[in-house]
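Visitor: I have a model open on my screen and would like to talk through how its parts meet. Could you take my questions one at a time?

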There are 2 protein chains.
Amino acid sequence: MTQVTYRGTRRSDAQEQQTHAIIRAAVDEFTRAGIRQASMESIAADAGVSRSTVYRRFPSKDELLAQVVRHLQMRFVTEIGQRVAGLDPRATVVEAFSLAVTGVRQNRLITQILADGAESTGILLGQQGGGLTELVDTFSGGIVTTLRAAGACMPDDEIKQAAEIQFRLVVSLLMSESTTVDVHDDASVRAFAEKFLAPMIW
Amino acid sequence: MTQVTYRGTRRSDAQEQQTHAIIRAAVDEFTRAGIRQASMESIAADAGVSRSTVYRRFPSKDELLAQVVRHLQMRFVTEIGQRVAGLDPRATVVEAFSLAVTGVRQNRLITQILADGAESTGILLGQQGGGLTELVDTFSGGIVTTLRAAGACMPDDEIKQAAEIQFRLVVSLLMSESTTVDVHDDASVRAFAEKFLAPMIW
């Protein structure tokens, strides 16, 4: 029994390592070659696995891209979490919003995804899987947790709605640039967040 | 000279009437049959023009749909303008936002467009033509004008950004439902606008 579990665990660890290696290789290949030109063969070679292993884990390039996007999202969430440590609720809003708007745009892979057109952007925005509503829920929930940790004490239904406004604006500004907020300029995005978003939180 | 101008004007008037008849017929046909099933032949017959006249004005069903969408948008803008007449700036925000969110959803043609999938939704959101940025600019500009007429005296750059937030949220809530604001319930949408959007305006 113990041995089987041990073996099972080892096999599962090895599989997980392979999956991580594939995702890392995919991030590099998608960034370098663009979404359309990216080659599943190159990704397999870079990850040190066979082509069939890649296809067993990710039956299509879109499914691999969806996984890469989830990986990217988690990395951004971690980075935002680190940046807002110790800030008060309103400063948290400003810091997190500016990082989400300008930081995401500075990411070269996200630029590739947006340049690839509607289908890849749909994957970025969760249209594969649960759709945008689920994406909004997941990320708004994360924002609520962060704001509560920073000391926000406003009622639950209000903080959820305020967090949702923040996330919907991030997505909207990612989908189409603004002529009133310079989404490439951190100071402009911060001023916007300070003026309109921070006052919603208490 | 006079006669030529007169003839030119008459011809142009007749053409405009035909275009209006085609758009009216298209609104009916798209609403009744759905976007995909809608027949350009039926639209021509209903409008009392030949099939070739329809195609001369609108070379594809997508171009006709784009024109129908512009027609719908203008109708909503007019309706909102009538509803907010005499209201103060903050009441204007609440009234206009609730009408834009719940009213648009109650429109059967818009429901058909959203149900038809990404391409038709793209036309609804201005991806044909200038894109979402232009749509945001156009409509935010309209909101600014309305708010100024209602007496808003905040600085220009601020009112533009506030108007843009309002319009981006309308689009976002149209694209994906919310689990914190009931977009089908006028009272819920109004409470949301009163809490978060009205305080931005002064």
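Visitor: How many salt bridges are there between chain A and chain B?
Guide: Bearing in mind that this is a predicted model, the count of salt bridges between chain A and chain B is zero.

Visitor: And how many residue pairs are in polar contact across that interface?
Guide: The rule finds 18 residue pairs in polar contact across the interface of chain A and chain B, with both residues of a pair at pLDDT 80 or more.

Visitor: Which elements of chain A give two or more residues to the side that touches chain B?
Guide: Those are helix 8 (131-149), helix 9 (156-175) and helix 10 (186-197) of chain A, and helix 9 gives the most to that side, with 11 residues.

Visitor: What sort of residues make up that side of chain A?
Guide: The residues of chain A on the side touching chain B divide into 11 nonpolar, seven polar and seven charged, so although charged residues are present there, the salt-bridge count between the two chains is still zero.

Visitor: What area is buried between the chains?
Guide: About 2500 Å² is buried between chain A and chain B, and carbon and sulfur atoms give 59% of that area. On the side of chain A, the residues A:Q161, A:R168 and A:F196 supply 26% of the area it buries against chain B, which is more than any other three residues.

Visitor: How many residues are in contact on each side?
Guide: There are 25 residues of chain A in contact with 25 residues of chain B. Since 100% of the interface residues of chain A are also interface residues in chain B, the copies meet through the same surface.

Visitor: What turn lays one chain on the other?
Guide: A turn of 180 degrees, with a shift of 0.0 Å along the axis, lays chain A on chain B with an RMSD of 0.0 Å, and the two copies are thus related as by a two-fold rotation axis.

Visitor: Changing topic, where does A:D88 lie?
Guide: A:D88 lies in the loop between helix 4 (61-84) and helix 5 (89-106) of chain A, and because its relative accessibility is 45%, A:D88 counts as partly exposed.

Visitor: What does the side chain of A:D88 reach?
Guide: The side chain of A:D88 reaches the backbone nitrogen of A:R90 at 3.1 Å, and a polar atom of that same side chain lies 2.8 Å from the backbone nitrogen of A:A91.

Visitor: How far apart are the C-alpha atoms of A:D88 and A:E194?
Guide: Their C-alpha atoms are separated by 13 Å, while A:D88 and A:E194 are 106 residues apart along the chain.

Notes
Residues are numbered from 1 along each chain as its sequence is written. Chains are lettered from A and ligands numbered from 1 in the order in which they are written. This is a predicted model: local features need pLDDT of at least 70, side-chain atom pairs count only at pLDDT 80 or more; totals for chains, interfaces and linings use all residues. Side-chain values use heavy atoms; hydrogens and water are left out. Copies are superposed by least squares on the C-alpha atoms of residues with pLDDT of at least 70 in both. Contact means heavy atoms within 4.5 Å. Buried area is the accessible area (1.4 Å probe) that two parts lose on being put together, summed over both. A salt bridge is a side-chain nitrogen of Lys or Arg within 4 Å of a carboxyl oxygen of Asp or Glu. A polar contact is a pair of N or O atoms within 3.5 Å; within protein, one must be able to donate a hydrogen and the other to accept it, and residues adjacent in sequence count only if both atoms are side-chain atoms. Helices (H or I, at least four residues) and strands (E, at least two) are DSSP runs, numbered from the N terminus. Ala, Val, Leu, Ile, Met, Phe, Trp, Tyr, Cys and Pro count as nonpolar, Asp, Glu, Lys and Arg as charged, and the others, Gly among them, as polar. Buried means under 20% relative accessible area, exposed over 50%, partly exposed in between (1.4 Å probe, protein chains only).
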